[in-house]
Amino acid sequence: MSDEHSLIDAEGAEEPGDEWEALDVSDTDVDRTARRQDREFSKFRERIKDADQFKVEGGVFDEATLRALYTLVQHGHIDAFGGPISTGKEAHVFLAAAPEADVAVKIYRINASDFTQMRRYLEGDPRFDDIGGKKKKVVLAWTKKEFANLKRAQAAGVRVPNPIAVERNVLVMEFLGSDGVRARRLGEVEVENPETAYEVVREYMCRLHRAGLVHGDLSEYNIVVHDSQLWVIDLGQAVTVHHPNSREFLERDCENVANFFARQGLETTGEELLADVTAARED
Ligand SMILES: Nc1ncnc2c1ncn2[C@@H]1O[C@H](COP(=O)(O)OP(=O)(O)O)[C@@H](O)[C@H]1O
Ligand SMILES: [Mg+2]
C-alpha cells in the first residue's frame with residue numbers, strides 16, 4: 001500500500017495529553033503597528049470631522065468613507081485635503097494635494113445617491129452582471145465603473161482626467177485646473193472657436209463609441225476647458241454599447257452637444273451628430 005492518503009499508525013501516534021502548549025500572548029510588532037494605526041486613524045478622523053471644508057451639506061462622512069480616505073492617504077495618493085470643488089446630488093468633489101500634483105477627490109454619497117437611477121445604468125452592463133440590489137454595492141460598483149470608464153476613454157484617445165486610485169466610494173483623479181482653481185466648464189466660457197471645439201467633441205464621441213462606450217451625460221456641463229484643450233469628465237454613468245439603453249443615452253448625448261453648438265451659431269442637429277458618431281463604429 002502506498003503511504004499516500006493513509007492514516008497514521010494509531011499505536012505510534014502520541015496520546016493526547018494534558019500538556020499545555022504555551023501561547024505567546026505578548027505584543028507582537030503587528031499588534032503594535034495595528035494599535036498605532038488605530039490611534040493615527042482616530043486622529044485623522046477627528047481632523048477630518050473638524051475640517052470646515054468637509055462640513056458639507058448632508059453632514060460629515062460616514063465611518064467607512066473616512067476609512068477609505070485614510071487608506072488613500074496611507075497609500076500616498078493624498079497628502080492633504082483642500083476645499084470643495086463641487087457639491088453634487090450624488091457626489092462631492094474636493095481638491096487635495098498629492099506628492100506629485102494636486103488631485104481631485106470625488107466622493108460618492110452612499111445614502112444620498114439616486115440609487116434607483118444608478119441601477120438603471122448598471123443593469124445591462126455585462127461588466128456588472130451580478131450587482132444585485134444592495135444600495136451600498138451599487139454605489140461601490142459605480143465608483144469602480146467611473147474609474148474603469150476613465151481608463152477606457154483614456155486608452156481610446158479621449159482627454160479625461162487621469163484616474164489615479166479608487167477606494168470604496170472614493171475616486172482620486174488628476175485635477176484639471178491651476179493654482180487650486182478648477183478649470184471652467186464649456187458652458188461657462190466664451191467659446192472662441194465653436195467649429196474647432198465641435199470638431200474635437202465629435203471626435204471624442206467617435207473615439208468613445210469606437211471603444212464601445214457611451215458617455216450617457218454628455219453636455220457642456222461635463223466638458224471642461226483646461227490648458228487650451230477640451231476634457232471630458234463625469235464618466236460614472238457611461239455604459240458599454242451593449243447596454244439595452246445605450247442607444248437612447250447616445251441620442252440624448254448627441255442632442256445635448258449639438259444643441260449647445262447650435263446655440264453657438266453652428267448649423268447642426270442631434271441627428272447629424274448621431275449619424276457621424278455611429279458611422280465611426282461601423283468603419
Ligand atoms: N478632475 C477634475 N478636475 C477639476 N474639476 C473637476 C474634476 N472632476 C470634477 N470636477 C468639477 O466638479 C464638478 C462635478 O464633478 P462631476 O464629475 O461632473 O460630478 P457630478 O456627478 O456631480 O456632476 C464638475 O462640473 C467640475 O467642475
Ligand atoms: Mg457632472
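Reader: Which residue of S3 does alanine 91 stand opposite?
Author: Alanine 91 stands opposite tyrosine 108 in S3. The model is predicted, and local features need pLDDT of at least 70, side-chain atom pairs count only at pLDDT 80 or more, while totals for chains, interfaces and linings use all residues. Residues are numbered from 1 along each chain as its sequence is written, with chains lettered from A and ligands numbered from 1 in the order of writing.

Reader: What makes S2 and S3 a pair of strands?
Author: Strands are DSSP runs of E with at least two residues, and helices runs of H or I with at least four, numbered from the N terminus; two strands pair if DSSP finds at least two bridges between them. Seven bridges join S2 (residues 91-97) to S3 (residues 102-108), which run antiparallel, so the pairing condition is met.

Reader: Why is one side of S1 and of S4 left without a neighbour in the sheet?
Author: The open sheet has five strands in the order S1-S2-S3-S5-S4, with antiparallel pairing. S1 (80-87) and S4 stand at its edges, and each has a single partner strand, so one side of each remains free of a neighbour in the sheet.

Reader: Why is glycine 157 called partly exposed?
Author: Glycine 157, in the loop between H4 and S4 (163-167), has 13 other C-beta atoms within 10 Å. With C-beta atoms placed from the backbone, 20 or more within 10 Å would make a residue buried and 12 or fewer exposed, so glycine 157 falls in between.
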